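Here's one to talk through together. I'll ask why things get the labels they get, and the answers will go back to the cut-offs.

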Amino acid sequence: MTSRYHKGRYYEYKVRNLLKKLGWLVIRAAKSAPIDLVAVRGGETVILEIKKNGPKKVPGKFAKLLSQYKLKGVYITIINNLYWWKPINLDQKLIEEFSKAFGPNRL
């Protein structure tokens, strides 16, 4: 039987691999909350929180962290192998790029 931790890690790796294909350096914060991944490239840093079958609403802890430190972020929940995601503080260029990885913004 697969634990919730292992399922979550699996989806974090899926997201990490998609971003690596787009040229991002991606660092995974193991067993962490509210940050799962940190993506860095060319002076840009994006913080990601990933949930499997999570709520379609951005968790308050994650939103507060991004706001408090003026960070760029993406909240992703994966439902039925579809990426439902919400960009937070991202410019249009980054939104378009993340759309290449995850499909249209669905949240």
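Q: Why does E97 count as buried?

A: Buried means under 20% relative accessible area, exposed means over 50%, and partly exposed is in between (1.4 Å probe, protein chains only). E97 comes in at 10%, so it counts as buried. Before we go on: this is a predicted model, where local features need pLDDT of at least 70, side-chain atom pairs count only at pLDDT 80 or more, and totals for chains, interfaces and linings use all residues. Residues are numbered from 1 along each chain as its sequence is written, and side-chain values use heavy atoms, with hydrogens and water left out.

Q: What makes R41 and E97 a salt bridge?

A: The term needs a side-chain nitrogen of Lys or Arg within 4 Å of a carboxyl oxygen of Asp or Glu. The closest N and O atoms of R41 and E97 are 2.5 Å apart, and the pair is a salt bridge. It links distant parts of the chain, with R41 in strand β2, E97 in helix α3, and their positions 56 residues apart. Helices (H or I, at least four residues) and strands (E, at least two) are DSSP runs, numbered from the N terminus.

Q: Why is R41 called partly exposed?

A: R41 has a relative accessible area of 26%, so it falls in the in-between class.

Q: How do you know that E12 and R28 form a salt bridge?

A: Their side chains meet at 2.6 Å, N to O. E12 is in helix α1 and R28 in strand β1, 16 residues apart, so this pair also links distant parts of the chain. The structure holds 4 salt bridges.

Q: Is E12 buried or exposed, and what makes it so?

A: Buried: the relative accessibility of E12 is 8%. Not counting residues up to four places away in sequence, E12 touches R28, D36, L37 and I50, where contact means heavy atoms within 4.5 Å.

Q: What makes K72 and E44 a salt bridge?

A: The N to O distance between their side chains is 2.5 Å. K72 is in strand β4 and E44 in strand β3, 28 residues apart. At 23% relative accessibility, K72 counts as partly exposed, and E44, at 22%, is partly exposed too.

Q: How do you know that D36 has no salt bridge?

A: The nearest side chain of opposite charge to D36 is K51, and it is 5.3 Å away. Lys and Arg count as positive and Asp and Glu as negative, while His and the chain ends are not counted. D36 is buried all the same, in the loop between β1 (25–28) and β2 (37–41). Among the residues D36 touches, leaving out those up to four places away in sequence, are E12, R28 and I50.

Q: Why is F98 called buried?

A: F98 has a relative accessible area of 1%, so it earns the label. F98 is found in helix α3 (residues 92–102). Leaving aside neighbours within four places in sequence, F98 is in contact with L19, W24, V46, L48, V74, W85, L90 and G103.

Q: What makes the F98 and F102 pair tilted?

A: Rings of Phe, Tyr and Trp (its six-membered ring) pair if their centres lie within 6.5 Å; planes under 30 degrees apart count as stacked, over 60 as edge-to-face and the rest as tilted. A search of the whole structure finds 6 aromatic pairs. In the F98 and F102 pair the centres are 5.9 Å apart and the planes are at 35°, which is tilted. Both residues lie in helix α3, 4 residues apart, about one turn of the helix. F102 is buried too, at 3% relative accessibility. Ring pairs link W24, Y83, W85, F98 and F102 into a cluster.

Q: What makes K56 a charge over the ring of W84?

A: NZ of Lys or CZ of Arg has to be within 6 Å of the ring centre and within 35 degrees of the ring normal. The charged end of K56 sits over the W84 ring, 3.8 Å from its centre.

Q: Which residues touch the most other members of the largest nonpolar core?

A: A nonpolar core is a set of buried Ala, Val, Leu, Ile, Met, Phe, Trp, Tyr and Cys residues joined through side-chain atoms within 4.5 Å. Of the 21 residues in the largest one, V15, L19, L48, I76, F98 and F102 touch the most other members. Helix α3 gives the most to this core, with 5 residues. Apart from it lies another core, of 6 residues, among them V58, F62, Y75 and I88.
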